[in-house]
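This briefing introduces one protein model to a reader who has not met it before. Please keep the structure in view while going through the points below.

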Amino acid sequence: MVLFGAWLGLLIVGNVRAPVGPMDTTMTLRPSLTGGTKINVSPLGALELRSHTAPLRLDVDVDQLDPVRSQALVDHPERLSGLQDEVAQDVGDGTLDLAVRSVVAVVSGATALGLAVYRRPRRALAAGGLALTLLAASGATAFATWNPNSVLEPKFSGLLSSAPSVVGNARSIVSEFDVYQKELARLVTNVTKLYDVTSTLPAYAPDPSTIRVLHVSDIHLNPASWKIIASLVEQYKIDVIVDSGDTMDHGTAAENGFLDPASDLGAPYVWVRGNHDGRVTQNYLERMKNVHVLDDGRAVSVAGLRFAGVGDPQFTPDRTAKLGGDQSEVLAGARLASSLRDQEAAGTPVDIAVAHNPTAARQTDGDVPLVLAGHLHHQEMEILKYGTRLRIEGSTGGGGLRALEGEDPAPIETSILYLDRDTRRLQAWDEIKLGGLGLTTAEVSRHLPKENQPGAVTTPATPTPSAPTP
């Protein structure tokens, strides 16, 4: 009863209208299982921040741009230098007003409902006191878990997800995104620009010091994937595409024509065989221009990076063959790891290893900074025991026809990896998730390695970590 009354109170009066820079916003507290902050920028979409963990979420609705304040910024661009202080002050005032209003709303709602239900003033006051206690506990939890750096890893949806300039480039994220107030000002500025040019979103300014890798996997004969990949290559100025396998479904010669677009996507295509890709598929790709097939630990240099990979030892569509299971994957991974050590000894260390099955990929731990895999049809990122970072990609084909097997269509997933051109180490990555069959949703999530986050202790990096003693 207390929770319901508190929720009603928040619903009725628990919001404030507050100016934030040139924008008019509405701030609201909502009950939530995960907390965080959601900023709605209608009609462009929304962005979500993992700002805190508490049973309350802060919703900020950008209602409109104030024409007078916006024009003042256009006429006097020197005022942008003081925008961060103005925004910080506006947000502070609005949050304080919202906190006071929320206390009144929660206590009033619980007390009023308690009086209506119990018809006893003492019980009603007790309900109001309990509601105040719960709100205070929620506020304390939010304060204790407050993460100002959450603005560095936002999740964009709607049209905002198609504007990489809002996300920013990987190099500036380390050098410029170290102060929360600066980030807030930059965010407001970007939103202002988006409102000003809704029909033509700002173009992405590529960072010449960053190598951009598009990681795709498990396309499974979905023809829509080629158009998506080509669009991302153009939009994000991709330097190289890496496909960690299962491009096909049955791996037969009849399917080979599906592969033809791979040579003309606007960037070199690096590929390893998956368990649904036959030797016929591999032979066909090896004859295509602009495509680099990796197998048996073979290494190639593409777009300033050195890659090595191994094809999946199992071909599951062939029901007549006896499969080796995880043991064969471990052996394939061991061959790849041995090749990586040989490359290191020869003075040509590998920057990125590629395998289809994560079991094989894990065998390279300690021999390469980054290893890419697929197979599981969902995205994961993991630091292995000896320091190698394992990146598992979701299905860029939405699982192919398998997307129809579940109740909801599987999403189309891919990632943009940003690597430093000098150290060839991962700086950041964007997880891109598009709605599956029949859906038109889009999300982009920015992520940073811990060593690239503000305040992290940095140590001189070498291109490749030394391998552990066998």
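In this predicted model, Phe 4 is partly exposed, because its relative accessible area is 47%, a value between the limits of 20% and 50%. Phe 4 is placed in helix H1, which covers residues 2-13. The points below begin with that helix and then turn to the annotated spans, the loops and the salt bridges.

**Helix H1 and its surface patch**

- Phe 4, Trp 7, Leu 11, Ile 12 and Val 13 together make a nonpolar surface patch of about 490 Å².
- Helix H1 is built from twelve residues and reaches 17 Å from its first C-alpha to its last, which is close to the 16 Å expected at 1.5 Å a residue.
- The buried residues of H1 are Val 2, Gly 5, Ala 6, Gly 9 and Leu 10.
- These buried residues line one face of the helix, because they fall within an arc of 135° when H1 is seen down its axis.
- In an α-helix there are 3.6 residues a turn, so residues three or four places apart point the same way.
- Leu 3 and Ile 12 are exposed on the other side of H1.

**Annotated transmembrane regions and helix H4**

- An unreviewed UniProt entry places the feature "transmembrane region" at residues 98-118 and 125-146.
- The span of residues 98-118 is 100% helix and 0% strand, and its end C-alpha atoms lie 29 Å apart.
- The span of residues 125-146 is 91% helix and 0% strand, with end C-alpha atoms 31 Å apart.
- Helix H4 comprises the 24 residues 121-144, which should span 34 Å at 1.5 Å a residue; the end C-alpha atoms are 34 Å apart, so the model agrees with the expected value.
- The buried residues of H4 are Ala 124, Ala 127, Gly 128, Ala 131, Leu 135, Ser 138 and Ala 142.

**Loop residues**

- Most residues other than glycine have a negative phi.
- His 375 is not a glycine, yet it has a positive phi of about 80°.
- The loop that holds His 375 runs between strand E14 (370-373) and strand E15 (380-383).
- His 375 counts as partly exposed, because its relative accessibility is 27%.
- Arg 424, also not a glycine, has a positive phi of about 60°.
- Arg 424 is found in the loop between strand E17 (412-420) and strand E18 (426-434).
- Gly 324 lies in the loop between strand E12 (305-310) and helix H10 (325-345).
- Gly 324 is partly exposed, with a relative accessible area of 41%.
- From C-alpha to C-alpha, Gly 324 and Pro 313 are 8.1 Å apart in space, while eleven residues separate them in sequence.

**Salt bridges**

- The count comes to twelve salt bridges, including the pairs described here.
- Arg 273 forms a salt bridge with Asp 295, and their closest N and O atoms are 2.9 Å apart.
- Arg 273 lies in the loop between strand E9 (269-272) and helix H9 (279-286), and Asp 295 lies in the loop between strand E10 (291-294) and strand E11 (299-302), so the pair ties together parts that are 22 residues apart in sequence.
- Arg 273 and Asp 295 are both buried.
- Arg 341 forms a salt bridge with Asp 367, the closest N and O atoms being 3.1 Å apart.
- This pair links distant parts of the chain, with Arg 341 in helix H10 and Asp 367 in the loop between helix H11 (358-361) and E14, 26 residues apart.
- Arg 341 counts as partly exposed at 32% relative accessibility, whereas Asp 367 is buried with a relative accessible area of 5%.
- Lys 433 forms a salt bridge with Glu 413, and the closest N and O atoms are 3.7 Å apart.
- Lys 433 lies in strand E18 and Glu 413 in strand E17, so their salt bridge ties together parts that are 20 residues apart in sequence.
- Lys 433 is partly exposed, with a relative accessible area of 34%, whereas Glu 413 is buried at 6%.
- Arg 30, Arg 57 and Asp 59 are joined into one network by salt bridges that share partners.

Notes. Residues numbered from 1 in each chain as written. Predicted model: local features only at pLDDT ≥ 70, side-chain atom pairs only at ≥ 80, totals over all residues. Heavy atoms only, no water. UniProt positions renumbered as here; feature names shortened; annotations may be inferred. Helix = DSSP H or I, 4+ residues; strand = E, 2+ residues; numbered from the N terminus. Patch = residues over 30% accessible without salt bridge, like charges linked within 9 Å, V, L, I, M, F, W, Y side chains within 5 Å. Areas by Shrake-Rupley, 256 points an atom, 1.4 Å probe, with all protein chains shown as cover. Salt bridge = Lys/Arg side-chain N within 4 Å of Asp/Glu carboxyl O. Buried < 20%, exposed > 50% of the residue type's maximum accessible area, 1.4 Å probe, protein only. Expected span 1.5 Å × (residues − 1). Arc of directions from axis to C-beta.
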